[in-house]
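Please work through the following exercises with the structure at hand. Each task is followed by a solution in steps.

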2 protein chains.
Amino acid sequence: MDIHTKEVRLTSQQESVPIMSKRSDSWLKLIHVIANIETDLGKVLQDKHGLGLSDYRAIEVLSRSPSCELRMQELASHLRLNQSSVSRMVERLERSELTVRDLCPDDKRGVYTVLTDKGRLRLESAQPDYEAALKVALKEHGCEELLASRFTQIS
Amino acid sequence: MDIHTKEVRLTSQQESVPIMSKRSDSWLKLIHVIANIETDLGKVLQDKHGLGLSDYRAIEVLSRSPSCELRMQELASHLRLNQSSVSRMVERLERSELTVRDLCPDDKRGVYTVLTDKGRLRLESAQPDYEAALKVALKEHGCEELLASRFTQIS
DNA sequence: TATAGTTATTTGTACATGCAAATAGATTGA
DNA sequence: TCAATCTATTTGCATGTACAAATAACTATA
């Protein structure tokens with residue numbers, strides 16, 4: 001029998017016939033611990049480095065890209081964000097002088113977002129704290145095994 | 001040696017000294033697949049039932065509560081939402097007539113959010129679709145093993 | 001090469017959420 | 001009992017994001 005499809009029925013209550021699969025229940029718990037961890041990470045970045053979580057991840061991705069630059073669309077897919085969200089995020093990054101926009105020579109529609117020196121320095125300062133906070137948060141929320149399964153991934 | 005602390009160094013690139021732990025990398029992938037699944041669930045609920053994800057989860061939690069009611073604070077902690085967010089969410093639910101507010105007799109500050117018949121019907125109609133969509137999405141994104149580890153949880 | 005269709009980015013708008021302050025009611029201690 | 005403190009909820013405000021439309025530029029085809 002597939003335990004995953006078994007339903008929870010709380011017979012001890014009179015009212016309501018609450019039916020919720022174990023799957024939904026586990027899912028809800030999962031997204032809550034994940035949200036808690038993301039909140040922890042966000043706080044660390046904001047408090048210690050004045051960076052939002054997406055902003056941090058953007059400059060992190062840029063730093064690992066050839067020439068430290070990426071087109072808006074590429075950035076969007078790396079961060080799993082809407083194009084318009086990225087457009088506004090890059091606006092923020094540019095205001096903070098962590099990146100600059102550069103026109104794409106062979107496609108005049110295209111825009112490169114390029115990491116600046118200031119951006120690189122900010123990343124280098126934030127990264128250790130981010131990594132440490134992630135490690136701690138995963139442990140505190142008992143989530144180490146979550147990543148374990150994904151370490152075995154091919155890609 | 002602890003594989004989790006090993007770092008990825010892309011020596012094939014000239015510029016940038018990209019350092020990112022496997023942990024961070026896995027974490028980013030994890031939150032992306034989870035966001036994808038949440039988006040899938042949200043679309044199903046919105047398209048088929050005119051419900052937001054949080055709204056759905058609110059009435060689901062209410063339906064499993066004694067007398068189908070919960071105080072704002074309790075609802076907030078069940079949904080892992082800010083009190084003010086819940087206040088505004090309940091406002092939405094009430095506009096849709098899925099819940100009603102009821103004053104708490106023994107604490108005049110307190111407010112109960114109570115599921116209405118309409119709310120219960122909406123939930124009963126949405127729940128199968130939600131459960132099915134979750135099952136499909138988990139499979140499509142190759143995430144079944146994610147919940148597997150959490151099924152063994154005590155609480 | 002001109003036109004139609006496609007792609008990249010930005011902009012207008014809406015919305016869910018969080019933080020902090022305001023408000024109202026409960027609780028505690030002198 | 002009254003004053004100070006604490007708790008529950010709501011409200012003002014800011015922000016990050018998504019969707020859809022607008023704009024600009026590229027591509028393909030007739």
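The exercises below concern a predicted model and treat its DNA surfaces and two loop residues.

**Exercise 1.** Determine which residues are closest to DNA strand D, and which elements supply at least two residues of the surface near that strand.

*Solution.* Begin with the surroundings: 24 residues surround DNA strand D. The closest are A:Asn82, A:Ser84, A:Lys108, B:Gln73 and B:Ser84. Next, assign the elements: at least two residues each come from helix 4 (83-95) of chain A, and from helix 3 (72-79) and helix 4 (83-95) of chain B. Finally, sort by class: the surface near DNA strand D holds five nonpolar, 10 polar and nine charged residues.

**Exercise 2.** Carry out the analysis for DNA strand C.

*Solution.* DNA strand C is surrounded by 24 residues, and the closest are A:Gln73, A:Ser84, B:Asn82, B:Ser84 and B:Ser85. Two or more residues are given by helix 3 (72-79) and helix 4 of chain A, together with helix 4 of chain B. The class count near DNA strand C is five nonpolar, 10 polar and nine charged.

**Exercise 3.** Is A:Cys68 buried or exposed, and what is the phi of this residue?

*Solution.* First, locate A:Cys68 in the loop between helix 2 and strand 3 of chain A. Its phi is near 55 degrees, a positive value in a residue other than glycine. Most residues other than glycine have a negative phi. A residue is buried if 20 or more other C-beta atoms lie within 10 Å of its own; A:Cys68 has 24 such neighbours inside 10 Å and therefore counts as buried.

**Exercise 4.** Classify the exposure of A:Ser67.

*Solution.* A:Ser67 lies in the loop between helix 2 (53-63) and strand 3 (69-71) of chain A, with phi near 60 degrees, a positive value. Because 14 other C-beta atoms lie within 10 Å, A:Ser67 is partly exposed.

Terms used:
Residues are numbered from 1 along each chain as its sequence is written. Chains are lettered from A and ligands numbered from 1 in the order in which they are written. This is a predicted model: local features need pLDDT of at least 70, side-chain atom pairs count only at pLDDT 80 or more; totals for chains, interfaces and linings use all residues. A residue is near a molecule or strand if its C-beta atom, placed from the backbone, lies within 6 Å of it. Helices (H or I, at least four residues) and strands (E, at least two) are DSSP runs, numbered from the N terminus. Ala, Val, Leu, Ile, Met, Phe, Trp, Tyr, Cys and Pro count as nonpolar, Asp, Glu, Lys and Arg as charged, and the others, Gly among them, as polar. A residue is buried if 20 or more other C-beta atoms lie within 10 Å of its own, exposed if 12 or fewer, and partly exposed in between; C-beta atoms are placed from the backbone.
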